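Reader: I would like a close look at a single part of this chain. Please keep it brisk.
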Amino acid sequence: MTSIAALRSDLAAAGFTVDGLTALWGEEAAEALHRGQRVPAERALARRDAGPLATLAALFVLGRPVGRSAATAALPALGLHGAEELGLIRQEDDLIAPAVDLRPYAFVDALGPAEWWIVSDLGELALGGALPEDHVLGVGGASMTLSGLMLQRPVRSALDLGTGCGIQALHASRHAERVVATDISERALRLAALNAELNGVEGIEFRLGSLFDPVAGEAFDHIVSNPPFVITPRTEGVPAYEYRDGGMVGDSLVAAVIAGCGAHLNPGGVAQLLGNWEYHGTADALERVRGWVDDSAQPLDAWVIERDTEDAAQYAETWIRDGGTRPGPVFDTLLGAWLDDFEARGVREVGFGYVLLRRAEGVPTLRRFERMHGGLGTNEAGLGIHLGECLEAHDAQSALDDDAFGALRLTVAGDVTEERHLWPGEDSPTAILLRQGGGFGRVVAADTGLAALVGACDGELSVTAIVGALAQLLEVDEDALRADLLPTVRALVTDGLLLLP
């Protein structure tokens, strides 16, 4: 049995799963861990009899040293020598200390529920201070956001640009025949390869290098990237973390990735990435992102969604804390450096969001740059399935002229509800809202005509027939009503509130 197989056997035998850990210390402690607090979990473990699961949890999730005999009992197949050779532990007299973070990770996608074990570097809780600059991040909020957004249609090839611990490459392997994963960090690639082998995932090739250098001259059907997009001042004394800081000024890294995607996508291929963009003065940052897309050497469809913004001070504070620095003199010095950089370049706030690009096989037909701040809909298997359906709906209806589109018999999606607001005692609503329960949880303001059209979409009547009936009912010109409603109805189809036959 190989060392990796022995480790896999020990983890499985101990019940080292998400459900197993939750049962071990309870829901409240599990939620506290997600907030970066381990005391509730430690207190729960102190009340339990020691066993392999508790030992592995304390060692690799909480980052606490454990006794030699307990560690030996928890890793019977691998052994302490094998664990040390894999770089998992450090032996310190009668104590065994963790050298890495190792924890289970569960998810649901188009293929159903699954679970992996993910190895990364120890976090700030275990280290007790700021992170080293070559830190290899585990599965965090941004990682789960991107994996949830990932399209899941089968493809022949995929690229994970800046793989880190390898989590996006692992997800891509579930729908791609071949995956290439790149990173500038040799340690990140070693841990990513370890994670692939530990979870029995084959077909991933790991390459060392910056951005698209390791795949020069190659093109892919799907590119995914959680790039090091954080905007960090290039100032002496300010840490530059490999996992988040791309080494470029401002948001130039995101612009460079967008430019590179056009050159490395096969026709019809899709790239998905997360990014930050700067607001300068009164200018609209999404227009700057539009410019990056327009400057691509290849024609690109684009769908960019801004999910949030932070002012310059909030943004700086967020990422200084992310590096493990807590309030105090060092924190203040770093904050000053960030604010000096933003002020010098006229940056007032920073946006965060999702970028979807597709290499067009002709003239681009999809150009959406929108803001959707706030909550999303309910998406058990992630937004990727919804995004794929939106792209298919866009392609299907954008190929139709208004006459052909009007002949379609649409149906209302099952997650759409209508909400009406009335002043007390009034019969006519002051506002009509169409709410999407899944997807992006869109809320569309509708007038009487649009609400009536959507309500009549039961698959029996064509759009044109419904518009004709409404024109008679409302006593308005049918052609004018049709011209007014069709663009919005097309958007509702793309967004999944109305379904094509």
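Is the crossing of H18 and H19 right-handed or left-handed? Please take in the surroundings too.

Author: This is a predicted model. The crossing of H18 and H19 is right-handed. Helix H18 covers residues 448-456, and helix H19 covers residues 463-474. Their axes come within 10 Å and cross at roughly 135 degrees. Angles over 145 degrees would count as roughly antiparallel, and 65 to 115 as roughly perpendicular. H18 and H19 are therefore oblique to each other.

Now the residues at the crossing. H18 brings Gly449, Ala452, Leu453 and Ala456. These meet Val463, Ile466, Val467, Leu470 and Leu474 of H19. An α-helix has 3.6 residues a turn, so residues three or four places apart point the same way.

H18 also has a sheet for company. The helix lies across S15, S16 and S17. Against S17, H18 runs at about 120 degrees. The sheet is open, with three strands in the order S15-S16-S17. Its pairing is antiparallel. Strand S15 (416-421) and strand S17 (443-446) stand at the edges. Each has a single partner strand, so one side of each is left without a neighbour in the sheet. On average, neighbouring strands here are turned by 25 degrees against each other, direction ignored.

Look next at the pairing beside S17. Strand S16 (residues 431-436) joins S17 in the antiparallel sense over four bridges. Isoleucine 432 has alanine 446 in S17 as its bridge partner.

Key
Residues are numbered from 1 along each chain as its sequence is written. This is a predicted model: local features need pLDDT of at least 70, side-chain atom pairs count only at pLDDT 80 or more; totals for chains, interfaces and linings use all residues. Side-chain values use heavy atoms; hydrogens and water are left out. Two strands pair if DSSP finds at least two bridges between them. Helices (H or I, at least four residues) and strands (E, at least two) are DSSP runs, numbered from the N terminus. Axes are lines fitted to C-alpha atoms, for helices over the stretch in contact, and angles run from 0 to 180 degrees between N-to-C directions. Contact means heavy atoms within 4.5 Å. Angles under 35 degrees count as roughly parallel, over 145 as roughly antiparallel, 65 to 115 as roughly perpendicular and the rest as oblique. A crossing is left-handed if the near helix is turned anticlockwise from the far one by less than a right angle, and right-handed if clockwise.
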